[in-house]
Amino acid sequence: MIRHLLATLVPRFHAGAGLAWLILFCAGCSAPQAVPQLEISAPAYQDMPRRPGKDAVLLFLPVSSHTEQARQSLSDELSESFDVITRPVSTASVVAELEREMALIKPRCVVLMGNAASNLYLRYQKQHQGAFVPAVVLMTSFFEEQYPLFRNTTGIAYEIPGITTFVNLRSFVYQPVQRVGVLYRPLFSNYVQKQARLAAVEQVQLVTVEISQSPGPREIRRGLDKLIREERVDAIWVLNDNVLLKPELIAKGWLKTLHKNPIAVVVGVGSLVDTRLHFGSFALLPDHSALGVQAATLVFRLEEEGWNASRVPLELPLSVQSVVDLSWTRQHLNFREDALDRIDRIVE
């Protein structure tokens, strides 16, 4: 199926395999979105038998390479103290399936990885009253904004603050990074304003263009033209907004303009930095294995606080990874060769 898709789409896109790659990317462009259609009743994991006297930590996650990295490190950290039970979910999973697993396992704590898991658990909470076992959320897009909707829940934000990304970009290229442009939908207005205030502390001006809630490719192109040609920004920052990263919008909107106007593009998804696509030139994203360790630490802190998540505040990722499209960056962005040792993954 995938090979057929590649063969069909490759001839249609200027960047060779770019559009075919794009379709595959957008099926799982970020860790939270890599969710195959699996039923929760058919788990893909072989859990160890329950041990007498051990509380259970019940983990719900979409199956992907990214969530597996986090799951493995979390399980390694917790397995001596807890029975770690894993159940895959997908966007097709329903609340009744989660209810069944909660009643069967009776977990002391729930860990939710990715949008599919956290959205399912939020629906579960809305349908029930009373006390909830504590939950830890990670690898969910813009969880910091959704956090107030959950009860007895803590977690780790997935997005790296923009200023952290901009400062890192400065260290990789000689050219100035003083004005950074961003397209955003009204839903993300508060988030963008907060990031603008943080950026100003490091003398970075975030130049913003608000677009509609459901933009088309033409609106994306107009917004980018305004930022690049009128505002003359030094870089473009792409939010982890799944609506803005739809295949059609990337192919017919973002890339139509960016390929004509070489400029630093910073993204929060590693797979968007790809030599076949030349979309993101630089990415800064959480280290997924480290996220698992950090989430395990939150579980232990919850235990210390009597399983009261209100006493365990939301955290930012403690460990990040940088990804650079090296050949493109060398060609267009005056790359600092002395920065090579500080880059975690090079794409050439």
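## Burial and the overall picture

A residue counts as buried when its relative accessible area is under 20%, as exposed when that area is over 50%, and as partly exposed in between. With this in hand, F300 is partly exposed, because its relative accessible area is 22%, whereas F82, with a relative accessible area of 2%, is buried. Both residues return below, where their rings are considered together.

The structure is a predicted model, and the protein chain folds into 12 helices and 12 strands. Of its 348 residues, 53% count as buried. Among the contacts in the protein chain between residues at least 6 apart in sequence, 74% join residues at least 24 apart.

## Confidence in the model

The pLDDT of the protein chain averages 87, and 87% of the residues score at least 70. Over residues 1-21, however, the pLDDT is below 50, although this stretch has 30 contacts in the model beyond near neighbours in sequence. Residues 23-43 also have a pLDDT that stays under 50, and for them the model has 74 contacts beyond four places in sequence. Where pLDDT is low, the predicted coordinates should not be read in detail.

## Helix α8 and its two faces

Helix α8 covers residues 189-201, and its 13 residues should span 18 Å at 1.5 Å a residue, which agrees with the 19 Å between its end C-alpha atoms. The expected span is 1.5 Å times one less than the number of residues.

Which residues of α8 are buried? They are S189, Y191, V192, Q195 and A199. Seen down the axis of α8, these buried residues fall within an arc of 155°, so they line one face of the helix. The face turned away from that buried side carries the exposed residues N190, R197 and V201. On the inner side, the buried residues of α8 pack against the helices α6 (143-146) and α7 (162-172), and also against the strands β6 (179-184), β7 (205-210) and β8 (235-237).

## Aromatic pairs

A pair of aromatic rings is described by the distance of the centres and the angle of the planes. The structure holds 12 aromatic pairs. One of them joins F82 and F300, whose rings are 6.0 Å apart from centre to centre with 40° between the planes, a tilted arrangement. This pair links distant parts of the chain, since F82 is in the loop between α3 (65-78) and β2 (83-88) while F300 is in helix α11 (residues 288-304), 218 residues away in sequence. As noted at the start, F82 is buried, whereas F300 is partly exposed.

How are the rings of F143 and F150 placed? Their centres are 5.6 Å apart and their planes meet at 65°, so the pair is edge-to-face, because an angle over 60 degrees counts as such. F143 is buried, at 0% relative accessibility, and F150 is buried as well, with a relative accessible area of 8%. Ring pairs also link F142, F166, F188, Y191 and W237 into a cluster, and Y191 is one of the buried residues of α8.

## Contacts of Q146 and N261

Q146 is found in helix α6, one of the elements against which the buried residues of α8 pack. Leaving aside its neighbours within four places in sequence, Q146 is in contact with N119, T140 and S141. Q146 and L122 are 24 residues apart in sequence, and their C-alpha atoms are 9.7 Å apart in space.

N261 lies in the loop between α10 (247-258) and β9 (264-267), and at 13% relative accessibility it counts as buried. A polar atom of the side chain of N261 lies 2.9 Å from the backbone oxygen of T257. When residues up to four places away in sequence are not counted, N261 touches I228 and R229.

## Residues with a positive phi

Most residues other than glycine have a negative phi. Against that background, K106 has a positive phi near 50°; this residue lies in the loop between α4 (95-105) and β3 (109-113). K106 counts as exposed, because its relative accessibility is 64%.

H278 likewise has a positive phi, of about 50°, although it is not a glycine, and it is found in the loop between β9 and β10 (282-286). At 28% relative accessibility, H278 counts as partly exposed. Q203, which follows α8, has a positive phi near 60°.

Notes:
Residues numbered from 1 in each chain as written. Predicted model: local features only at pLDDT ≥ 70, side-chain atom pairs only at ≥ 80, totals over all residues. Heavy atoms only, no water. Helix = DSSP H or I, 4+ residues; strand = E, 2+ residues; numbered from the N terminus. Buried < 20%, exposed > 50% of the residue type's maximum accessible area, 1.4 Å probe, protein only. Arc of directions from axis to C-beta. Contact = heavy atoms within 4.5 Å. Phe/Tyr/Trp six-rings, centres within 6.5 Å; stacked < 30°, edge-to-face > 60°. Polar contact = N/O pair within 3.5 Å; in protein donor to acceptor, adjacent residues only side chain to side chain. pLDDT = per-residue confidence, 0-100.
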